[in-house]
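I sat down with a new structure and my notebook today. Here is what I looked up, in the order I did it.

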Amino acid sequence: MFYLSNAPCSLFMRNLPKLSQLQIFESIIQHGSFRSAAKTLNQAQPALTRAINELEKTLGTSLMVRGPKGVVLTEAGQLLEPRIQLILRELERAVNEVEQVSYSSRGSVALGSSSLPFFTMLPAAIKRFQKRFPQVNIYLTEGQIPELLSDIRHGKLDFAIGTTGAEAVAGDFITEPFFTASFCVLARKEHPLAQSTSLEQLEEAKWYLPGENQGYHSQLTPLLFPKPHHPYTVVRGDTITAGLQMVFDADFLIVASKEMLKVPYLKDHLCTLPLEKPLPDATYHFIYSQRLPLTLVARKLMDKLQWECKNYVWN
């Protein structure tokens, strides 16, 4: 049987740290020393020392020690630090969302994505979004699924767009289907293998592929590299810019969407290899945290992306 107490809530919350203490703790870690943090916060150094002493007294343990190279976290401090980051980011998100609900149209959206949306519907969606929310700051990150998921988990991104499936992110994340795109092998038009019709003809080719073999590209490994002991030449990286330079300057091949050939400065120099057996399509998802609710403006940006995607003319 459960009993409800009539004791005021403050009795249960009296041992919680103060927000200012958490902010000071995070600033000291971010800047590496009490002196630098005090300068950034425009506070006296003894005030920061008192705040950390009070925080440690509240928690009943030491959180940091001053070393010759700056502040070093104790085991308890290392445990607390990522949680403080989440608390402060989530509080900022909550304030942003309250402002948005009050029609001030302020706040921010942080979006992470692989390269394809940047070349297709994302610019138009942002343009349309900014007409409705001109004072909302938008932060874009291009990256691969592992780092994007990590940034969502730590509250650095509101949501991401990627090719990973629901089975790969079960537990911490929510996935919503977004769109499906055709992929192909792209090369410089003058590449010696530009007219290859099968993957077997590409055994000696040089490849530039994403740094992590996850999501869509995990499906390609047995197709592109079927021989376990063959010395395939593969360079891995995280940006399409680096990949294109490897294509143009070093005759590497890349796997990318056919939509890349719509880009004016690429279609004159790139070609699709005429493979008789096409590569599998890639399915993209919206991915966001199960723990941290989407803000109003983040959901509005997703809606704009959905609208632009439906009206985009795909190859």
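My entries cover confidence, one leucine and the cavities.

**Confidence.** This is a predicted model, so I checked the scores before anything else. The protein chain averages a pLDDT of 86, and 90% of the residues score at least 70. Then I hit residues 1-13, where the pLDDT is below 50. Beyond near neighbours in sequence, I found 2 contacts for that stretch in the model. Where pLDDT is low, the predicted coordinates should not be read in detail. I left residues 1-13 alone after that.

**Leu-244.** I picked Leu-244 and found it in helix H10, which covers residues 240-250. Is Leu-244 buried or exposed? Its relative accessibility is 8%, and buried means under 20%, so Leu-244 counts as buried. Next I asked which residues Leu-244 is in contact with, leaving aside neighbours within four places in sequence. My list reads Ile-254, Met-260, Leu-266 and Leu-270. I also looked up Ala-51, which is 193 residues from Leu-244 along the chain; their C-alpha atoms are separated by 51 Å.

**Cavities.** How many cavities of 30 Å³ or more are there? I got 2. The largest has a volume of about 410 Å³. Elements giving two or more residues to its lining include H10 again, along with helix H8 (145-153) and helix H9 (216-224). Strand S10 gives the most, with 4 residues. In total, 31 residues line this cavity, and Ser-114, Ser-115, Gln-144, Pro-210 and His-217 lie nearest its centre. I sorted the lining into 15 nonpolar, 13 polar and 3 charged residues.

Methods:
Residues are numbered from 1 along each chain as its sequence is written. This is a predicted model: local features need pLDDT of at least 70, side-chain atom pairs count only at pLDDT 80 or more; totals for chains, interfaces and linings use all residues. Side-chain values use heavy atoms; hydrogens and water are left out. pLDDT is the predictor's confidence in each residue, from 0 to 100. Contact means heavy atoms within 4.5 Å. Buried means under 20% relative accessible area, exposed over 50%, partly exposed in between (1.4 Å probe, protein chains only). On a 1 Å grid over the protein atoms alone, a cavity is a set of points where a 1.4 Å probe fits but cannot get out, and a pocket is an open set with protein on both sides within 12 Å along at least five of seven lines; lining residues have an atom within 4 Å of a point. Grid points are joined across faces, edges and corners, and a volume is the space filled by probe spheres set on the points. Ala, Val, Leu, Ile, Met, Phe, Trp, Tyr, Cys and Pro count as nonpolar, Asp, Glu, Lys and Arg as charged, and the others, Gly among them, as polar.
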